[in-house]
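Biologist: I would like to learn how to read the side-chain features of a model like this one. Could you take me through them step by step?

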Amino acid sequence: DDVGIWSRVLTTTEISDLVNETLGTADHTDTFSSDGWVDQDSAKIGVSSGSLAFNSNPDNSNNASSLDLSSALSDTKWTMRYEFSPTSKSISSSINSHLFVGLSSTASSTNMDQAQDYLGGVFGGSPTTNSAEGFASLYSNGSAPQSGATPDDVALTWSTSTTYYVEMKRTSATAFSIELFSDSGYSTSLGKSSITNVSGVTGL
């Protein structure tokens, strides 16, 4: 399952592509043909069969993975797209069953309950009610993402036989969103979570 990131001033052609829901060639891509990621717990996360496979059930350890993009992204405009295909789920009110996916100013050795700049999302049980399924955009500006507010939760019942197409987008110094689609053309939206106060989040 591929991942791609675009981070630069767009050309006239690329602006036209955006209008037509195509983004051209990404600045950063990964086909997961090999594991170039830094895995903190290879028993819970790592590249397998062309995907970054994970088990997000909590076990009081840091089950994270990160990829160094070599240089920081723009602090005002970028887009990241990837496929998300859950194969099983276990969500209840007694378990903090969340999966965090995003861009951080730190590597995976930094837990989500430690200070960092972060733009991304939380998937699984609702951040506010663990037994309610869905997703939300999330950010932190020198604080711990895990304790951050999610002002725009989206309800979504996860299917373990569906591929979701995820688009994370920063459109200005202050605006960020996550939108899920049902198709690889990113045209049929399943829901969108937006935040407009991410000013100060830099160095991702």
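Modeller: We will go through salt bridges, aromatic rings, the nonpolar core and one glycine. Please keep in mind that this is a predicted model.

Biologist: Let's start with charges. How many salt bridges does the structure hold?

Modeller: There are two. In one of them Glu167 partners Arg81, and their closest N and O atoms are 2.8 Å apart. This pair connects distant parts of the chain, as Glu167 belongs to strand S12 (residues 164–170) and Arg81 to strand S7 (residues 78–84), 86 residues apart.

Biologist: And which side chain meets Glu167 in the other salt bridge?

Modeller: That is Lys169, with an N to O distance of 3.6 Å. Partners are shared here, and the salt bridges join Arg81, Glu167 and Lys169 into one network.

Biologist: Are these residues buried or exposed?

Modeller: For this, look at the relative accessible area, where under 20% means buried and over 50% means exposed. Glu167 has 7%, so Glu167 counts as buried. Arg81 is buried too. Lys169 comes out at 23%, which means that Lys169 is partly exposed.

Biologist: What else does Arg81 do besides pairing with Glu167? Over which ring does Arg81 lie?

Modeller: Arg81 sits over the face of Tyr186, 3.9 Å from the ring centre.

Biologist: That brings us to rings. How should I describe a pair of them?

Modeller: Two values describe an aromatic pair: the distance between the ring centres and the angle between the planes. This structure holds eleven aromatic pairs. Take Trp78 and Phe176: their centres are 5.9 Å apart and their planes meet at 50°, so this pair is tilted. Trp78 is in strand S7 and Phe176 in strand S13 (residues 176–181), so the pair ties together parts of the chain 98 residues apart in sequence. Trp78 is buried because its relative accessible area is 2%, and Phe176 is buried because its value is 1%.

Biologist: Which pair would show me a stacked arrangement?

Modeller: Try Phe123 and Phe135, with 6.2 Å from centre to centre and 20° between the planes. Phe123 lies in strand S9 and Phe135 in strand S10 (residues 133–143), so this pair ties together parts that are twelve residues apart in sequence. Both phenylalanines, Phe123 and Phe135, are buried. They also belong to a cluster in which ring pairs link Phe84, Phe123, Phe135, Trp158 and Tyr164.

Biologist: Now the core. Which members of the largest nonpolar core touch the most other members?

Modeller: That core has 24 residues, and Trp78, Phe123, Met168 and Leu180 touch the most other members. At least two residues each come from S7, strand S8 (98–104), S9, S12 and S13. S7 gives the most, with four residues.

Biologist: Could we pick one of those residues, Met168, and ask what is in contact with Met168?

Modeller: Setting aside neighbours within four places in sequence, the contacts of Met168 include Trp78, Phe123 and Phe176, along with Tyr82, Val101 and Ile178. Among them are also two glycines, Gly120 and Gly121.

Biologist: Speaking of glycines, where is Gly124 found?

Modeller: Gly124 is part of strand S9 (residues 116–125). With 10% relative accessibility, Gly124 counts as buried. To see how sequence and space can be read side by side, take Gly124 and Leu99: they are 25 residues apart in sequence, while their C-alpha atoms are 6.2 Å apart in space.

How values were computed:
Residues are numbered from 1 along each chain as its sequence is written. This is a predicted model: local features need pLDDT of at least 70, side-chain atom pairs count only at pLDDT 80 or more; totals for chains, interfaces and linings use all residues. Side-chain values use heavy atoms; hydrogens and water are left out. Buried means under 20% relative accessible area, exposed over 50%, partly exposed in between (1.4 Å probe, protein chains only). A salt bridge is a side-chain nitrogen of Lys or Arg within 4 Å of a carboxyl oxygen of Asp or Glu. Rings of Phe, Tyr and Trp (its six-membered ring) pair if their centres lie within 6.5 Å; planes under 30 degrees apart count as stacked, over 60 as edge-to-face and the rest as tilted. A charge sits over a ring if NZ of Lys or CZ of Arg is within 6 Å of the ring centre and within 35 degrees of the ring normal. A nonpolar core is a set of buried Ala, Val, Leu, Ile, Met, Phe, Trp, Tyr and Cys residues joined through side-chain atoms within 4.5 Å. Contact means heavy atoms within 4.5 Å.
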